[in-house]
Amino acid sequence: MKMGKAQLVRKIALGLAGFFLISGFSTLAASSALAATESTLAGEIKDSTSTPLSGVRIDVTGPNGFATQLTSDAMGKWQVEVTSTGIYDVTLDQASLPSGQALTDLTKATRKINVLMLGNTLTILFPIGPGAEKTPILDQSAQLLADGLILGIIIALAALGLSLVFGTTGLTNFAHGELLTLGGLLTYFFSTIAGLPVFAAIPIAVALSAFIGGYLQDRLLWKPLRKRGTGLIAMLVVSIGFAIFIRYVFLFIFGGYTRQLPEFAGQEGLEIGLVSITPKSIISTSVGLLLLIGATLWLLRSKMGKASRAVADNPALAAASGIEVEAVIRSVWILGAFLAAFAGIMVTLNQGVSFLMGQDMLLLIFAAVTLGGLGTAYGALVGSLVIGVLIQLSTLIIPTELKYVGALLILIIILLVRPQGILGRKERVG
Amino acid sequence: MDFIFIAQQSFSAALGVNTIIFALAAIGLNMHFGYTGLLNFGQAGFLAVGAYSVATLVVSFNFPLWAALLAGILNSVILALLLGLPTLRLRADYLAIVTIAAAEIIRQIARSATFNKYLGGSDGITGKFGKDFFDLNPFKDGLDTPFLRYNGNDLWVVVTGWALVIVVLFVMWLLVRSPWGRVLKAIREDEEAVRSLGKNVYLYKMQSLIIGGIVGSFAGFVYALSRQSVQPDNYGTALTFFAYTVLILGGAARVFAPIAGSIIFWFLLVFIEQMLRQAVGAGYIPEWLIGVNQVGQIRFMLVGLGLMMLMIFRPQGIFGDRKELALDARA
């Protein structure tokens, strides 16, 4: 504690000194500016290797209808004099950047500059880095299709469990996304913190997720609620509370950063035909596909799988014909958590894992399940692939940052035209 | 530990700006969920529309503030129509998914670079768009008492905000006691029965969605004006879920419940946070267990846990009537 206090005192002293220095300078600047009638807005446009970029267009608009357009000179420099105080909008025309260069933060194309007083020069910088290369539309479509299929398989893995749980218990589970986060974080824990190789960490993480997120979650939370006769809407709200709780437990333990698996971060892509895919993506997607096929066969062929479909269809009748409904629900939870954990691991391998991963994926999963028809397992598979491919292909037309908006809009439109979803049955709605 | 400070912070929060915002948001939800049984998970969208209408119209289009507020109400009506037309015929859980998706669409569009020029991208909009409002402020000095402490601007927001809440609440009270309100409750309990009496259920649901949405946009106005800025990520799904927690805490389908819920919610939230912060600072809780910057996370955990426990053990909330609110009439 004593050390802490000493440090604190030192920090405050430094801070105060800094404050006086700055305020001293600004009084100086203010006094010299008394007679000035104009200010200069200026900047220098350079790429990430500090090469100046010339011919980049800058638009400046400001108070009293001030508007002007400039281009950067051979040294990448531009400047403009303004004669009144107020807020100026400085916009970099992204289309005028040389190909291969783009703003590193696309939302910062327009900067609001507040000129408080005249007489000084304000420097405005636009950070620029290598942007996406402009590739032919065919290559681009092929690449997006491949990315879309991979995304579709990830969503399908997560959606199958959500759909099965909904089918057998009627629960709309808003905490399903957290199962993905659990899988990803456990993999991160076993590989990076416990030091196991990723190939060993993944099976352990998946098995643990199936046990904790599937068996224990059902046993300790949802089964008692079913026993109490808690209603479906009430359970839906409980799942929201549970999701918030778990999310912040993850944040508490693992912190707010996005964690990468160092063993696989920044892997080079392999060129296969028109598309480039990383080896980790190929392997994880193949395993994911196998898991999906296995789960589908389980549903179609095994006794338990058939029983789960019977329970989804009519729980009372299923129970009456000798099916142990609770056992079916338990196995559905375990399977769902198992698949969701692997989906989370696929996301972790490709983009890293943060405590918000599940929340970000949840709406896509819901969109897929609703699109296919709530409670139908095959519908969830079809819906997921459609959503995955649509999201990626939509970026050909709409800005990449709005791709999820497109997917969610499609969800709403489908519900308007065919509320029961693609493979759903009509009696399930309303 | 400084208990006077903790009390001052907690009581100020219990009557403060956030309490007003969440009370208004929850009053809107009470109309949707409590009285009509509509599971609207897109309330954050209505707040966002209200807040962005004010900020964008005043800053980018130089509207006078009163015109921007009117436009905000109009926009929230439009949003209610857009949301309601396709979804009000759907079952409760479908409605939940579609409304949450719609609110997310609004947030993502607001934070996108594509509409950066008008909506400010991920930084949102900051500016003196509440100037007309704060110019009217008669309490420039603020308030500083042992139990309540606000700066000048906050005090003005608090006073006008509570006035707004009381007016809205009075209108709600008149509405739900009217024959119109009784039809809404009947729809919540048994939609088919109401339809068989020749009522246009769809129309009633739409009216409920619009009225609750307008109250939601009021909450957005307060949110934007009190901070003189709007940030897209403040209008995420968490906002809607917290508003639900407030509503269920007070007791859905009770006129005064949102206010009681909001006051208790914010009092507890700030009280627990300040207690933990001081306990960590004074060394009563070891640093390895809870760091100072982890206190905020604990309070969110408690919100989640609280929502779960409420729904399981006391779904009617503190003041609600279990018989009145049959949550699962149509699930």
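How many Å separate the centres of domain 1 and domain 2 of chain A, taken over C-alpha atoms? The distance between those two centres is 44 Å. Domain 1 covers residues 38-134 of chain A and domain 2 covers 137-428, with bounds from an automatic or database domain assignment.

This is a predicted model, in which local features need pLDDT of at least 70 and side-chain atom pairs count only at pLDDT 80 or more, while totals for chains, interfaces and linings use all residues. Residues are numbered from 1 along each chain as its sequence is written, and chains are lettered from A and ligands numbered from 1 in the order in which they are written.

**Chain A**

Helices (H or I, at least four residues) and strands (E, at least two) are DSSP runs, numbered from the N terminus. Two strands pair if DSSP finds at least two bridges between them. In chain A, an open sheet of three strands runs in the order β4-β1-β8, with mixed pairing. Its edges are β4 (77-82) and β8 (121-123), each with a single partner strand, so one side of each has no neighbour in the sheet. From one strand to the next the twist averages 20°, with axes taken as lines fitted to C-alpha atoms (for helices over the stretch in contact) and angles running from 0 to 180 degrees between N-to-C directions. Strand β1 (residues 39-44) of chain A pairs with β4(A) in the antiparallel sense over six bridges, and E44(A) has K77(A) in β4(A) as its bridge partner.

Helix α5(A) is mostly covered, with 17 of its 23 residues buried. A residue is buried if 20 or more other C-beta atoms lie within 10 Å of its own, exposed if 12 or fewer, and partly exposed in between; C-beta atoms are placed from the backbone. G255(A), which follows α5(A), has a positive phi near 80°.

**Helix spans**

The expected span of a helix is 1.5 Å times one less than its number of residues. The two helices below agree with it.

| Helix | Residues | Expected span | End C-alpha distance |
|---|---|---|---|
| α8 of chain B | 152-177 (26 residues) | 38 Å | 38 Å |
| α5 of chain A | 232-254 (23 residues) | 33 Å | 32 Å |

**Chain B**

An unreviewed UniProt entry places the feature "transmembrane region" at several spans of chain B, including 6-29 and 155-176. UniProt positions are given in the numbering used here, feature names are shortened, and annotations may be inferred rather than shown by experiment. Residues 6-29 of chain B are 92% helix and 0% strand, and their end C-alpha atoms are 31 Å apart. Residues 155-176 of chain B are 100% helix and 0% strand, with end C-alpha atoms 31 Å apart.

The buried residues of α8(B) include N153(B), W156(B), G161(B) and M172(B). Among the elements that cover the buried residues of α8(B) are α2 (17-35), α11 (201-227) and α13 (257-281) of chain B.

Two residues of chain B have a positive phi although neither is a glycine: Q228(B), at about 55°, and A253(B), at about 65°. Most residues other than glycine have a negative phi. Q228(B) lies in the loop between α11 and β4 (229-230) of chain B and is partly exposed, with 17 C-beta neighbours inside 10 Å. A253(B) lies in the loop between α12 and α13 of chain B and is buried, with 23 other C-beta atoms within 10 Å.

**Interface**

In all, 46 residues of chain B are in contact with 42 residues of chain A, contact meaning that the C-beta atoms of two residues, placed from the backbone, lie within 7 Å. On the side of chain B that touches chain A, α5(B) gives the most, with 13 residues.
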